Amino acid sequence: MNEKTWSDVDDYFAPLVAEDDALRHASAASDEAGLPAIQVAPNQGKLLYMIAKLVSAKKILEVGTLGGYSALWLARALPPDGKLVTLELRPNHAEVARKNFEYAKISNAEVRVGPAIETLAKMKAAKEGPFDFVFIDADKPSNLDYFQAALDMSRPGTVIVVDNVVREGRVIDASSDDANVKGVRKLRDALANEKRVTATVLQTVGYKGYDGLVVATVH
Ligand code: SAH
Ligand code: DHB
Ligand code: MG
């Protein structure tokens, strides 16, 4: 078994995931604008969409927009009066995402530009939330800060998903000096002692290689 098999299997199941034109457009436009191709895979985006639907999410928060690919999946899970807020450091990424929302005729997704730590602090101060679903997928060293901010703007039942927590298994290397690995390990230690959430981890393979997701619910 190898990476080719993983992505061939993603190809095989693609017909049931059924990524549509606007989603394909979002990835293509991100590529054309020179953004890194690190958006969630279609099957992962659809999982986010399905979880958001399952909890009837009306307010969704995303940390890490890129070109808006995962945001599109999430926005589509919302009812007409729902709202997605997605946070992005880089103005050029935000601009690509806004255009992709427009192409997809999504009008209830808002990109806020700036370091997410600062945007989240402002949101907390403004008593925004509670959010029903939070997707954390930005710079990995800040994972725990983002998770705590998400908790502060949550309610019982809120689902929090964190991307990229396995990193080809590098996460188990206690002596790693990779800041991304350290960020995930810090989150893992905190979650093991966090009484406010129930959490699990799924390892994944496919188009995005070998990685994984934390899925947590707030009680
Ligand atoms: N969720 C997206 C992928 C996000 S990639 C998708 O699946 O479609 C990670 C994004 O986080 C990048 O666009 C990067 O610019 C952004 N980012 C990095 N550091 C950040 C920070 N401090 N605050 C906000 N966004 C940040
Ligand atoms: C990277 C970031 C991601 O969010 C991801 O899903 C894959 C890779 C990265 O920074 O390399
Ligand atoms: Mg990611």
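## Glu88 and its surroundings

The side chain of Glu88 has a polar atom 3.0 Å from the backbone nitrogen of Leu66. This distance, like every value in this report, comes from a predicted model. Glu88 belongs to strand 2. Its relative accessible area is 8%, and because buried means under 20%, Glu88 counts as buried.

Which residues is Glu88 in contact with, leaving aside its neighbours within four places in sequence? They are Gly64, Thr65, Leu66, His93, Ala94, Val111, Arg112, Val113 and Gly114. Leu66 thus appears both in this list of contacts and in the polar pair described above. Met50 is 38 residues from Glu88 along the chain, and the C-alpha atoms of the two are separated by 23 Å.

## The site of ligand 1

Glu88 also takes part in the surroundings of a ligand. There are 21 residues around ligand 1, and those that come nearest are Gly64, Ser70, Glu88, His93 and Asp137. Two of these, Gly64 and His93, are also in contact with Glu88.

Several side chains place a polar atom by a nitrogen atom of ligand 1. For Asp137 the distance is 2.8 Å, for Ser70 it is 2.9 Å, and for Tyr146 an N or O atom of the side chain is 3.4 Å away. On its own, ligand 1 has 580 Å² of accessible area, of which the protein covers 90%.

## The magnesium ion and ligand 2

Asp137 has a second role in this description. Which residues are the protein donors of the magnesium ion (ligand 3)? The donors are Asp137 (OD), Asp163 (OD) and Asn164 (OD1), and they lie 2.0 to 2.1 Å from the ion. Along the sequence, the spacing of these donor residues is D-x25-D-N. Asp163 has a relative accessible area of 3% and is buried. Asn164 counts as buried too, at 8% relative accessibility.

The three donor residues also belong to the surroundings of ligand 2. The residues around ligand 2 are Ile38, Asp137, Lys140, Asp163, Asn164, Arg167 and Lys208. An N or O atom in the side chain of Asn164 is 2.7 Å from an oxygen atom of ligand 2. For Asp163, a polar side-chain atom lies 3.1 Å from an oxygen atom of this ligand. In the side chain of Lys140, an N or O atom is 3.1 Å from an oxygen atom of ligand 2. The protein covers 68% of the 300 Å² of accessible area that ligand 2 has on its own.

## Backbone angles in the loop after strand 5

Most residues other than glycine have a negative phi, and most peptide bonds are trans. Asn164 departs from this pattern, with a positive phi near 65 degrees. Asn164 is found in the loop between strand 5 (159–163) and helix 8 (179–192).

Glu168 lies in that loop as well, between strand 5 and helix 8. Its phi is also positive, near 55 degrees. Is Glu168 buried or partly exposed? With a relative accessible area of 47%, Glu168 is partly exposed, whereas Asn164 is buried.

## Helix 6 and what follows it

Helix 6 covers residues 116–125, and its buried residues are Ala116, Thr119, Leu120 and Met123. Why are they on the same side of helix 6? They span an arc of only 100 degrees around the axis, which puts them on one side of the helix. An α-helix has 3.6 residues a turn, so residues three or four places apart point the same way. The face turned away from the buried side carries the exposed residues Lys122 and Ala125.

The buried residues of helix 6 pack against several elements: strand 1 (59–63), strand 2 (83–88), strand 3 (109–113) and helix 7 (143–152). Strand 2 is the element that holds Glu88.

Just after helix 6, Lys127 takes a positive phi of about 55 degrees. Gly129 and Pro130 are joined by a cis peptide bond, with omega about 0 degrees. Pro130 is found in the loop that runs between helix 6 and strand 4 (133–136).

How values were computed
Residues are numbered from 1 along each chain as its sequence is written. Chains are lettered from A and ligands numbered from 1 in the order in which they are written. This is a predicted model: local features need pLDDT of at least 70, side-chain atom pairs count only at pLDDT 80 or more; totals for chains, interfaces and linings use all residues. Side-chain values use heavy atoms; hydrogens and water are left out. Buried means under 20% relative accessible area, exposed over 50%, partly exposed in between (1.4 Å probe, protein chains only). Helices (H or I, at least four residues) and strands (E, at least two) are DSSP runs, numbered from the N terminus. The arc is that of the directions from the helix axis to the C-beta atoms. Contact means heavy atoms within 4.5 Å. Donors are N, O and S atoms within 2.8 Å of the metal (3.2 Å for Na, K and Ca); water is not among the atoms, so sites may look incomplete. A residue is near a molecule or strand if one of its heavy atoms lies within 4 Å of it. A polar contact is a pair of N or O atoms within 3.5 Å; within protein, one must be able to donate a hydrogen and the other to accept it, and residues adjacent in sequence count only if both atoms are side-chain atoms. Accessible areas come from the Shrake-Rupley method with a 1.4 Å probe; for residues, only the protein chains shown count as cover.
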